[in-house]
Structure formats: C-alpha cells, structure tokens
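Reader: Please take a close look at the sheet of this protein and at what packs against it.

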Amino acid sequence: MSAVLPATWLRGTPVCFLRGTLKRVIAIYPGSFDPLTNGHLDLIQRGAKIFDELVVAILRNSEKNALFTVDERLEMLRAGTGQWSNVRVESFEGLLVDYARIRGASAVLRGIRVVSDYEYELQMAWMNRKLDPTLETIFMMPAGAYSYLSSRIVREIASLGGSLAGLVPASVDVQLRARLGVAPPLAPK
Ligand code: PNS
C-alpha cells in the first residue's frame, strides 16, 4: 500500500524536489593505494552507487616509503575508474579532515574486510570525528572474494613470483613486476 504524501510547495516547486537537488553527498575514499587492487575497485564501485560524488584521494605524506610514486598511483586509479563518471581521483597532504572540508565532503568511505581491520579503522574514525564532528565515516565491505586482499600482500606475492590473476588490474600486474624486476609466473602445465 503506498501512502500519498501531501506536497509542500515553494515558488511552484514541491519542497521534496528542492531538497533532492540541494543535498549532494560528496565522499572521500582515502588511502595509500600502493598499488591499486581489485578490492579497492570493488569498493569504489559500491561507493559510486551511493554517493553523488566520490573522491578517491591518495595520501602524499608517506610517499618516501612507497613502491609507486603518487603520480604513478594517480595514473593507475584514473585508468581503473574511468567508467564511473561521478568518481574523481586526487592526492592530498596533511590531515584528512582538512582536505575533506576543502572538498566539501561530508563523508569518508573506508573498507572493512575482516574483523582485524576494525580496530585500526575505528581508531581512525573516532580521531577524525574528534577533529571534525561533522564528518561521518561510512564503512563498506568489498566482495568476499577480496576479503584477504591488501596492497601489502599483493606486493609480497609479486616479489616472490606468484600469480596475481584476478586480484589487480592487468596493467598494475605488469607495472608491479617491472618495478620489482620479477618475471611473470609460469602458466600451470
Ligand atoms: O590505505 P591506508 O594506508 O590504510 O590509508 C590510511 C589513510 C590515508 C586513510 C590515513 O593514514 C589518513 O587519513 N592519513 C591522513 C592524515 C590524517 O588525517 N591522520 C589522522 C587520521 S587518524
């Protein structure tokens, strides 16, 4: 049974329509993305469905210890997310809450794969809330197939010559092996 709600009108337009156009939710999906994995892409796809705009933001602070430069990671992410028109890829420096304020974002998207992620994520979310109580952290789960996947484990498998088929985009696989100087794994006989 559907209820018919009385419309409130303002200058010839139902107020519900005005609200719909006014409330644009911009979310930031921050991370290191060193390198981009299919787990990240899965989360980006889910985020792009529920937010009006999703800004994927690479942290610049930790560039020194990274395998790929920020520019290389920007390129990886732009190549991987081109099909979603409401997804933008940028880098940022300093505090996430400051960057979110500059971008007009009201939410931070983070992925939780397994229970062990929760403690670290909760600590960050609480700290971000302390720094800016208006910024909400939204947790989403990637597909179960990516629940064990992380950039760290991807770097390790690549460095030891293991297969990353289905875990990272093919172009990232090629870049990883080139950077680590490792030959692609032999096809199973
Ligand atoms: O992919 P990562 O490395 O888990 O992402 C961590 C990231 C970038 C989200 C986090 O380190 C961050 O937001 N750094 C920015 C500095 C900041 O605001 N720190 C306070 C949050 S607790």
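Author: The sheet is described below, followed by its helices and the ligand shell. This is a predicted model, in which local features need pLDDT of at least 70 and side-chain atom pairs count only at pLDDT 80 or more, while totals for chains, interfaces and linings use all residues. Residues are numbered from 1 along each chain as its sequence is written.

The protein has seven helices and seven strands (DSSP runs, H or I of at least four residues and E of at least two, numbered from the N terminus). Five strands form an open sheet in the order β5-β4-β3-β6-β7, with parallel pairing (at least two DSSP bridges between two strands). Because β5 (87–92) and β7 (136–140) at the edges each have a single partner strand, one side of each is left without a neighbour in the sheet. From one strand to the next, the twist averages 30 degrees (axes are lines fitted to C-alpha atoms, for helices over the stretch in contact, with angles from 0 to 180 degrees between N-to-C directions).

Strand β4 (residues 53–59) is joined to β5 by six bridges, and isoleucine 58 stands opposite serine 91 in β5. Helix α3 (residues 70–81) packs on the sheet, touching β4 and β5, and its direction makes about 170 degrees with that of β5; contact requires C-beta atoms, placed from the backbone, within 7 Å. Helix α4 (residues 96–103) lies across β3, β4, β5 and β6 (107–111), at about 145 degrees to β3.

Among the residues surrounding the ligand are Pro30, Gly31 and Asn128 (C-beta atom, placed from the backbone, within 6 Å). Both β3 (26–31) and α5 (115–131) give two or more residues to this shell.

Technical notes. Two residues are in contact if their C-beta atoms, placed from the backbone, lie within 7 Å.
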